[in-house]
Amino acid sequence: MYNWLKKYIDPVIPLFAIIPLVSCFALNMLVYSGSMILCKNWHHYDLTTWLDNQIPLVSWWMYIYFGCYLFWIANYVLVARIYRNDREQFYRFVMTDMMSRLVCAVFYIGFPTTNVRPAFTINSFSDWLLAFLYRIDQPANLFPSIHCLVSWLCYAGIRNNGRVSKGYRVFSCVFALLVVASTQFTKQHYIADAIAGIALAEGLFWLNSRINAYRTVQRLFDRLNYKLLSIIGKGERCEQ
């Protein structure tokens, strides 16, 4: 089993990075869904401004809003690949991601936010996508915007690495900004949410480039990886 993983999976994504990245996803879901359930009946603040009300609802931005999930997966895997031989930088990125979700949890619980979604008629597929989004996603946990936060981390994680082509780094920056715009034109977030998401990403990225908090998660995941791969290796020897 280990040899198969090493041959077919490791070239795509380093084996040591799988558990940390899955853990980032799990923490994200815990913070977002858990805080929404916890604060469901609490008072929520509406940060709508006059400027927010001037931005029209444009449903075709849903293609960017949903498309960003593929962008996130691609860039998080890319970060793992480019730092295959520099685990310190990889774990600094992981620590930044995890810290950002914990900060989000503080805001989502201590300062719950909401907005009033506009009414519209369904005349196209993008309209249907928007209606589907409104149906499955409550208007809560808006400040800061995780969509903006994660998209900016996708760019920040690769922007200074020469192993990534300049063209793709530019694309990542542009696409991250398009995601920010999509949160506005779909009325999923307001301007304050987007600014806070980008500021949080930049602030924690800067902080974790200067402190050694990453060592905590690195030690944890190194132990987990060692135990898991040891179990897989023992199983393989038993089969032989």
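Is K187 buried or exposed? In this predicted model, K187 has a relative accessibility of 8% and therefore counts as buried, the limit being under 20%. The residue is placed in the loop between helix 8 and helix 9. Its backbone is also notable, since K187 is not a glycine and yet has a positive phi of about 60°. Most residues other than glycine have a negative phi, and most peptide bonds are trans.

The loop between helix 6 and helix 7 holds another residue of this kind, N141. The phi of N141 is positive, at about 55°, although N141 is not a glycine. With a relative accessible area of 5%, N141 is buried. The loop that connects helix 6 (125-136) to helix 7 also contains P144. The peptide bond between F143 and P144 is cis, with omega at about 0°.

Helix 9 follows the loop that holds K187. Helix 9 covers residues 191-208, and its 18 residues should span 26 Å at 1.5 Å a residue; the C-alpha atoms at its ends are 26 Å apart, in agreement with that expectation. The buried residues of helix 9 are D193, A194, A196, G197, L200, A201, L204 and N208. Because these residues cover an arc of only 165° around the axis, they lie on the same side of helix 9. An α-helix has 3.6 residues a turn, so residues three or four places apart point the same way. On the other side of helix 9, by contrast, I195 and W206 are exposed. The packing partners of the buried residues of helix 9 are helix 5 (87-110), helix 7 (146-156) and helix 8 (166-185).

Helix 7 is a partner of helix 9, and its packing was examined further. The axes of helix 7 and helix 9 come within 8 Å of each other and cross at roughly 40°. This angle makes helix 7 oblique to helix 9. The crossing of the two helices is right-handed. On the helix 7 side, the residues that take part are C148, L149, W152, L153 and A156, and they meet A194, G197, I198, L200, A201, E202 and F205 of helix 9. Among these helix 9 residues, A194, G197, L200 and A201 are also buried.

Helix 7 packs against helix 8 in another arrangement. Their axes come within 8 Å and cross at roughly 175°. Helix 7 is therefore roughly antiparallel to helix 8. In this pairing, H147, C148, S151, W152 and Y155 of helix 7 meet R169, S172, C173, A176, L177, V179, V180 and T183 of helix 8. C148 and W152 of helix 7 also take part in the contact with helix 9.

Helix 4 (residues 62-82) is a further neighbour of helix 7, with the axes 9 Å apart and an angle of about 35° between them. The crossing of helix 4 and helix 7 is left-handed. Here Y65, C68, Y69, F71, W72, N75 and Y76 in helix 4 meet I146, H147, V150, S151, L153, C154 and Y155 in helix 7.

H147, a residue of helix 7, takes part in the pairings with both helix 4 and helix 8. With a relative accessibility of 7%, H147 counts as buried. Apart from its neighbours within four places in sequence, H147 is in contact with Y65, C68, Y69, W72, V179 and T183.

Helix 4 is also the element against which the buried residues of helix 6 pack. Those buried residues are S126, D127, L129, L130, A131, L133 and Y134. Helix 6 consists of twelve residues and reaches 17 Å from its first C-alpha to its last, which is close to the 16 Å expected at 1.5 Å a residue.

Elsewhere in the model, C24 is located in helix 2 (residues 15-38). At 4% relative accessibility, C24 counts as buried. When neighbours within four places in sequence are left aside, the contacts of C24 are V94, D97 and M98. C24 and M98 are 74 residues apart along the chain, while their C-alpha atoms are separated by 6.1 Å.

Methods. Residues are numbered from 1 along each chain as its sequence is written. This is a predicted model: local features need pLDDT of at least 70, side-chain atom pairs count only at pLDDT 80 or more; totals for chains, interfaces and linings use all residues. Side-chain values use heavy atoms; hydrogens and water are left out. Helices (H or I, at least four residues) and strands (E, at least two) are DSSP runs, numbered from the N terminus. The expected span of a helix is 1.5 Å times one less than its number of residues. Buried means under 20% relative accessible area, exposed over 50%, partly exposed in between (1.4 Å probe, protein chains only). The arc is that of the directions from the helix axis to the C-beta atoms. Contact means heavy atoms within 4.5 Å. Axes are lines fitted to C-alpha atoms, for helices over the stretch in contact, and angles run from 0 to 180 degrees between N-to-C directions. Angles under 35 degrees count as roughly parallel, over 145 as roughly antiparallel, 65 to 115 as roughly perpendicular and the rest as oblique. A crossing is left-handed if the near helix is turned anticlockwise from the far one by less than a right angle, and right-handed if clockwise.
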